[in-house]
Amino acid sequence: MAKQRVLSGIQPSGNLTIGNYLGALRQWVAEQDTYECYFCIVDLHAITLPQDPAALRAKTREVAALYVAAGLDPERVTIFVQSHVSAHAELSWLLTCLTPLGWLYRMTQFKDKSAKQQQESVGAGLLNYPTLMAADILLYQAHAVPVGDDQRQHLEFTRDLAQRFNSMFGETFVIPQAMIPKAGARIMGLDNPTAKMSKSETSDYHAIYLLDTPAVVKKKLMRAVTDSYGEIRFSSDEDRAGVNNLLTIYQALTGQTNDEIEAHFAGRGYGDLKKAVVEQVNDRLQPLQDTYNRLMNEAGYLDRILAQGAERAEAVAEKTLQTVRERMGFVARPV
Ligand code: AQP
């Protein structure tokens, strides 16, 4: 029986964080043998906010190398740059024409990100972001989309749009499911544990980056916001969010249950908890960074995997796009 398909991606819009790793990348690695996997570096999404061209180029390569360094095997999964497969942009336009504006205005990410800008300078790309994401997923007929909790609403949007297309033009798209991890689906900012850890937040003590040195990881974690309760337990209370976040990172890295972790830290202080998290994070990042440095120094390696990935991805995407064009009534290009 053919394997079901998975698609997911990360924007090359900054330094990848431990949130991107625990919410997305780690799941991808775990699922790479179960599914037929497509993982892209979503550079077309990154430009929905202004990007410096040189930085975008460098980050796109960095993210590709981090995918492999985190454990994805480019022989078993398809790793590619979104803009290398033009079907993403084309299907996005076709779906844009079927998308009610009201659906787009409702999206939390659009509301949050546009609120940070002057109203008249909010780009139309930011509004259309979910339609491009739907195109990414639907082109590969993905059954599952491993993402963090913040992408839940965009996944619902994708499902609605796929259903709308199918009911207008006949069964065409697989309706995808979100695949959200049990632990680590929403890692919060170390400096502000009520806000999601985000790579676009630039304050020094907000996020742990995958390429941070062990000393920097330690400095950031030892300064993480906690509370004055002095009690180490999981909690959904807002004023205990800092400790809960540290416990969540610890849990996502160790795989232990709430009870095991609370028993382990019983009677101990926040300093001990922080040190234990530092150790877990650095143990996980060290081999990843070693592999990353090796790959970046291997001439031609990244180009090879990205060329191979684009070729494989394009073959699948073009097939879907062809069907969509036919169903919507476009005249085939005469040969
Ligand atoms: N804090 C997080 N906890 C768990 N999962 C997270 N993800 C992101 N942050 C967390 C998951 O990582 C994947 C890729 O995310 P993305 O590139 O779409 O965006 P981002 O990192 O969430 O972006 P930012 O930081 O808001 O900034 P920009 O937009 O500037 O890049 C997704 O699966 C996401 O759920």
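**Two domains and an aromatic pair**

Biologist: How do you know that there are residue pairs in polar contact across the interface of domain 1 and domain 2?

Modeller: The rule, which asks for a pair of N or O atoms within 3.5 Å, one able to donate a hydrogen and the other to accept it, and which counts residues adjacent in sequence only if both atoms are side-chain atoms, finds two such residue pairs across this interface, both at pLDDT 80 or more. This is a predicted model, in which local features need pLDDT of at least 70, side-chain atom pairs count only at pLDDT 80 or more, and totals for chains, interfaces and linings use all residues. Residues are numbered from 1 along each chain as its sequence is written, and side-chain values use heavy atoms, with hydrogens and water left out.

Biologist: What makes residues of domain 1 and domain 2 count as in contact, and how many are there?

Modeller: Contact means heavy atoms within 4.5 Å, and nine residues of domain 1 are in contact with nine residues of domain 2.

Biologist: Why is the pair of Trp28 and Tyr67 called edge-to-face?

Modeller: Rings of Phe, Tyr and Trp (its six-membered ring) pair if their centres lie within 6.5 Å, with planes under 30 degrees apart counting as stacked, over 60 as edge-to-face and the rest as tilted. For Trp28 and Tyr67 the centres are 5.1 Å apart and the planes 85° apart, so the rings pair and count as edge-to-face.

Biologist: Which helices hold Trp28 and Tyr67?

Modeller: Trp28 is in helix H1 and Tyr67 in helix H3, 39 residues apart, where a helix is a DSSP run (H or I) of at least four residues, numbered from the N terminus.

Technical notes: Helix = DSSP H or I, 4+ residues; strand = E, 2+ residues; numbered from the N terminus.
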